[in-house]
Amino acid sequence: MNVVIQTYCEHPALAYGTLMVFKTLRVGFPTAKVLVIDNGSHPDVLPQIEKAALDAGCLFTPAPRQHFLDFYRWVLFEQTAMNSVVLLDPDVVFWNNVEHWKFDCLMAGRRIPDLYNYGVTSLSRLHPSHLWVPNVAKLRQALTNTHANGFDPLRQFSAPANGKMYFWDTGAGLYQALADKCESFTEKQLDCYDHLFYGSHLPVIQPALNDENVTYTAHQAAAANDLASLKGIWRKQDMQFKSQRQNPLNGETLLAEMIETCTILGQAQGIQSGYDAAVQGLLSNIKAQL
């Protein structure tokens, strides 16, 4: 069993979301080999990430900043050392051991349904925050034809079809191509862990948050190290997914990923100063609630 985590923290105020997984990692994966690859985190946070990873018995390696999709592309399509892989986001918390799970499929994970908001339908996918790939070689073989035709199953993109606009978020193409060969986590499995969402880049979607938003309250709890209050939050998130209200777990995703992409490609002017201002606003809001 190989677990791979990509960490990234752009501002020290958001370190809580990046460090979260290490607090319960060995609850979920007591003996698994865990590789942590940092994607160019803030220099004040990087030593904290390394210490947390090493204290949790992980292998740790820093890497130059790159587009986060390159990490998934390397794990799923390029590396040759790991054939059974579990991908984890750093803003995950475990309540039970999941290391013994077995899947007879190409991929297994939490299925996010089609989400409609702001006139865009974000297509269903298995969320990469906790994604099992039992056999990487079989996954690659199953995608031979789609890759040969130039289709990138990981790429984020939007396109119109039949008078509607559709958005393929991270890995949506992968799931859409292989849906009949994938498994969705059961409720019992979902009860074994929770995922914060936007653990490393909350300021991007902060303007859409309010005191009643599940993402906002979850981040308040995580920042206060009150992880216990996050237990079962996936149910509230599912209720929000099903709602038609404009919220950062669906409609704002497109905006968030566009900003992320522009930042990495160096095509967005003034992003850093705006980001810093947003972080300060976030920190003030959190402190006011503590």
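In this predicted model, helix 3 (68-78) and strand 9 (125-133) each put at least two residues into the lining of the second largest cavity. Strand 9 is the top contributor here, giving three residues to that lining. The full cast around the second largest cavity is Tyr72, Leu76, Leu87, Met107, Leu126, Pro128, Leu131, Leu154, Thr170, Gly171 and Leu174. Sorted by class, the lining of this cavity comes out as nine nonpolar residues, two polar ones and no charged ones. The space they surround, the second largest cavity, has a volume of about 70 Å³. Looking across the whole structure, there are three cavities of 30 Å³ or more. As for how such spaces get found, rolling a probe the size of a water molecule over the atoms shows where empty space is left.

Next come the pockets. The largest pocket has a volume of about 180 Å³. Its lining is made up of 13 residues, and those nearest the centre of the pocket are Arg111, Leu190, Trp234, Asp238 and Lys242. Three elements, namely strand 6 (107-112), helix 7 (187-190) and helix 9 (233-242), each bring at least two residues to the lining of the largest pocket. Helix 9 has the largest share of that lining, with six residues. In terms of class, the lining of the largest pocket splits into six nonpolar, one polar and six charged residues.

Helix 9 also turns up in a helix pair. The axes of helix 8 (residues 214-223) and helix 9 come within 10 Å and cross at roughly 155°. An angle over 145 degrees counts as roughly antiparallel, so helix 8 is roughly antiparallel to helix 9. On the helix 8 side, the residues that meet helix 9 are Val214, Thr215 and Ala218, while helix 9 answers with Ile233, Lys236, Gln237 and Gln240. Taken together, the residues in this contact of helix 8 with helix 9 break down into three nonpolar, three polar and one charged.

A second helix pair sits earlier in the chain. Helix 1 (residues 15-28) and helix 2 (residues 46-55) have axes that come within 9 Å and cross at roughly 10°. Angles under 35 degrees count as roughly parallel, and helix 1 and helix 2 are therefore roughly parallel to each other. The crossing in which helix 1 passes helix 2 is right-handed. Where the two helices touch, Ala15, Thr18, Leu19 and Phe22 in helix 1 meet Gln48, Ile49, Ala52 and Ala53 in helix 2. That contact of helix 1 with helix 2 has six nonpolar and two polar residues, with no charged ones in the mix.

How values were computed. Residues are numbered from 1 along each chain as its sequence is written. This is a predicted model: local features need pLDDT of at least 70, side-chain atom pairs count only at pLDDT 80 or more; totals for chains, interfaces and linings use all residues. Side-chain values use heavy atoms; hydrogens and water are left out. Axes are lines fitted to C-alpha atoms, for helices over the stretch in contact, and angles run from 0 to 180 degrees between N-to-C directions. Helices (H or I, at least four residues) and strands (E, at least two) are DSSP runs, numbered from the N terminus. Angles under 35 degrees count as roughly parallel, over 145 as roughly antiparallel, 65 to 115 as roughly perpendicular and the rest as oblique. A crossing is left-handed if the near helix is turned anticlockwise from the far one by less than a right angle, and right-handed if clockwise. Contact means heavy atoms within 4.5 Å. Ala, Val, Leu, Ile, Met, Phe, Trp, Tyr, Cys and Pro count as nonpolar, Asp, Glu, Lys and Arg as charged, and the others, Gly among them, as polar. On a 1 Å grid over the protein atoms alone, a cavity is a set of points where a 1.4 Å probe fits but cannot get out, and a pocket is an open set with protein on both sides within 12 Å along at least five of seven lines; lining residues have an atom within 4 Å of a point. Grid points are joined across faces, edges and corners, and a volume is the space filled by probe spheres set on the points.
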